[in-house]
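Biologist: I'm new to this one and would like a close look at how its charged side chains pair up, and at what surrounds them. Please go slowly and explain the terms as you use them.

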Amino acid sequence: MSSADRELRAAARHFGRRRFLSLTAAAAALAFTTNVPAAGAAGRGELDTAKIADNPFTLGVASGDPQPGSVVLWTRLAPSPYEPGGGMAKLAAAVLWEVATDERFAVVVRSGAEIAHPEYDHTVHLEVDGLDPGREYYYRFRAGAWISETGRTRTAPAGTSAVASLTFAAVSCQAYHEGHYTVHRHLAQDDVDVVFHLGDYLYECAVNSAGGARGYPSGTLPDIFDRETVTLEDYRLRYALYKSDLDLRAVHAAHPFVVTWDDHETENNYAGAVDEHGSPAEEFLVRRAAAYRAYWENQPLRGAQKPVGPDLQLYRRLHWGTLAQFDVLDTRQYRSDQAYGDTKHVPGPQSDDPARTMTGQTQENWLIEGWRASNALWNVMPQQVCFSQRRLDLDEQALMSMDAWDGYRASRNRILGGAKSAGVENLMVLTGDVHVGYAFDIKDVFDDPASRTLGTEIVATSVASGKDGADQPGNWETYMKANPHLKFYNGRRGYVRVELGRQEARADFRTVSAVTVPGAPVTTAASFVVEAGSPGLQPA
């Protein structure tokens with residue numbers, strides 16, 4: 001157990017259960033209030049990076065959260081990524097960086113040095129300001145004699161810019177042990193402005209030495225991955241495994257990412273401070289704090305997202321000129337526990353209790369107030385679980401998922417009521433989680449196909465989770481009959497490419513035939529358009 005894990009657990013034991021559940025004591029005890037760099041630590045006990053004998057940039061580079069004139073750059077020093085600490089001494093290390101307008105770095109516009117602290121596992125989060133809005137840049141890092149690969153990124157356009165178009169991709173669910181990241185390899189070669197990762201970037205479950213479905217020779221991976229992630233060290237090592245994948249490195253180097261989590265970055269189907277096993281809350285919050293800290297350390301996120309206690313405010317808002325506003329949600333951290341024991345169930349008094357929430361009151365208010373202030377043509381809501389109603393059988397009272405918004409219908413109704421009251425005309429919801437691709441019309445009354453269409457939900461299938469999948473899963477006919485507002489359903493792995501324009505939006509569902517073997521080609525399974533001002537999916 002690492003020193004950070006020992007401090008987290010000691011902090012948890014210091015507080016009684018009742019006090020801990022208030023989260024006020026927890027906020028003072030967990031995550032970034034333990035094992036953080038001391039004030040003025042930079043410059044004292046600093047590593048001589050000239051002595052780094054092996055390439056420390058084994059986990060690549062990344063960028064994210066583009067704003068007008070600003071972007072986040074990320075890397076981590078880890079010459080031995082499958083070892084605790086990445087093979088680095090427990091000393092701060094200076095990392096040089098450059099941002100240029102060209103791939104050969106003939107015109108460097110910003111440069112400097114950033115300290116990689118051992119307390120943060122030698123990760124670097126660099127918020128580069130002073131860039132031009134709406135343009136492409138290249139970046140790289142240097143530590144001693146070692147130079148990282150070159151990354152390409154992009155700033156968002158100026159807030160008042162009447163941008164003509166934006167092309168983005170949406171991905172989700174990349175269980176390492178269930179397949180190769182062929183989808184990421186194709187996406188790295190696609191021409192998109194930004195990528196939205198909708199959750200399950202990492203899975204907590206064990207990965208054997210053969211990499212599961214990847215079928216490596218036995219013994220390829222060390223045994224440290226063949227267990228569930230629980231401690232901070234476990235989560236850090238698991239990110240190292242995932243980020244060592246060359247295809248994931250390639251897509252991060254090619255495009256800026258906007259990330260949000262779902263459940264598996266912490267634990268399957270957790271809800272707030274409740275895990276799926278019914279563990280004492282004070283125990284699970286220690287695990288959650290470790291997972292949240294490792295998530296922040298390993299993603300291109302700004303300082304505003306740095307955890308405070310066992311919490312991390314991941315919901316945030318980005319703009320692409322006046323063309324699009326993105327309200328990125330967190331539907332895990334603040335939700336009520338799933339109704340009916342998180343089983344498939346007919347909605348009833350327990351799930352429809354108006355006091356239940358998917359987002360928490362503060363995030364719900366933030367979302368609706370943001371819509372009221374929006375001057376964007378398209379209001380896009382990247383989030384995690386299926387938003388539209390999804391009847392799972394043909395019975396009059398159909399079973400539904402209690403983990404999705406169908407288990408929180410009052411909360412969904414408040415969100416849609418807020419969109420209507422704010423006058424949102426072009427609502428698009430982006431979803432992951434279910435390992436299939438869906439295209440839904442969001443209806444005012446889901447059980448009435450003739451009711452008003454309020455928006456569009458685009459569900460991105462998984463990158464690898466679920467292994468190869470099928471074009472038409474066994475329940476395809478049932479789902480299509482039971483849900484008239486469901487316009488598309490495909491069970492292959494892939495991603496969604498969306499182009500937003502002033503006249504319409506277009507969604508292309510890109511799929512691959514296999515991920516259990518590498519190298520499958522990518523094809524377009526279906527394409528749909530939505531006319532601006534007239535919600536409703538139409539085949540392209």
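Modeller: Let's start with Arg409, which is partly exposed at a relative accessible area of 22%. On this scale, buried means under 20% relative accessible area, exposed means over 50%, and partly exposed is in between (1.4 Å probe, protein chains only). Keep in mind that this is a predicted model, where local features need pLDDT of at least 70, side-chain atom pairs count only at pLDDT 80 or more, and totals for chains, interfaces and linings use all residues. Residues are numbered from 1 along each chain as its sequence is written, and side-chain values use heavy atoms, with hydrogens and water left out.

Back to Arg409: its side chain meets that of Asp352 in a salt bridge, 2.7 Å from N to O. Arg409 sits in helix H9 and Asp352 in the loop between S13 and H8, so the pair ties together parts that are 57 residues apart in sequence. (Helices, H or I with at least four residues, and strands, E with at least two, are DSSP runs numbered from the N terminus.) Asp352 is partly exposed as well, at 27% relative accessibility. Elsewhere, salt bridges with shared partners join Glu136, Arg152, Arg154 and Asp193 into one network. The rule for a salt bridge is a side-chain nitrogen of Lys or Arg within 4 Å of a carboxyl oxygen of Asp or Glu, and by that rule the count comes to 29.

Another pair from the S13–H8 loop is Arg332 with Asp403, whose closest N and O atoms are 2.8 Å apart. Asp403 belongs to the loop between strand S14 (378-382) and helix H9 (409-421), and the two partners are 71 residues apart. Here both Arg332 and Asp403 are buried.

While we're in that loop between S13 (324-328) and H8 (361-373), have a look at Leu329. Leu329 counts as buried, at 0% relative accessibility. Thr260 is 69 residues away from Leu329 in sequence, yet their C-alpha atoms are 7.4 Å apart. Thr260 is also one of the contacts of Leu329, alongside others including Trp366, Leu367, Met381 and Gln383 (contact means heavy atoms within 4.5 Å).

Gln383 turns up again among the contacts of Glu457, together with Val385, Tyr438 and others. Glu457 is in strand S17 (residues 453-459), and this one is the odd case for our topic: Glu457 is buried yet has no salt bridge, with the nearest side chain of opposite charge, Arg412, 7.1 Å away. (Lys and Arg count as positive, Asp and Glu as negative, and His and the chain ends are not counted.) What does the side chain of Glu457 reach instead? Its side chain comes to 2.8 Å from the backbone nitrogen of Phe387, and a polar contact of 2.7 Å joins it to the side chain of Ser388. A polar contact is a pair of N or O atoms within 3.5 Å; within protein, one must be able to donate a hydrogen and the other to accept it, and residues adjacent in sequence count only if both atoms are side-chain atoms.

Now for a pair that bridges two helices. Arg236 and Glu297 form a salt bridge of 2.7 Å, N to O, with Arg236 in helix H5, Glu297 in helix H7, and their positions 61 residues apart. Arg236 is buried at 11% relative accessibility, and Glu297 is buried at 0%. The axes of H5 (residues 232-243) and H7 (residues 281-297) come within 8 Å and cross at roughly 30°; such axes are lines fitted to C-alpha atoms, for helices over the stretch in contact, with angles from 0 to 180 degrees between N-to-C directions. Around the salt bridge, Leu232, Tyr235 and Tyr239 are among the H5 residues that meet H7, whose side of the meeting includes Arg287, Ala290 and Tyr295.

H5 is also a neighbour of helix H6, since the buried residues of H6 pack against elements including strand S1 (61-67), helix H4 (182-188) and H5. Eight of the nine residues of H6 (residues 246-254) are buried, so this helix is largely enclosed by the rest of the structure. Among those buried residues are two charged ones, Asp247 and Arg249. At the start of H6, a side-chain oxygen of Asp245 reaches to within 2.9 Å of the backbone nitrogen of Asp247.

Technical notes. Lists of a residue's contacts leave out its neighbours within four places in sequence.
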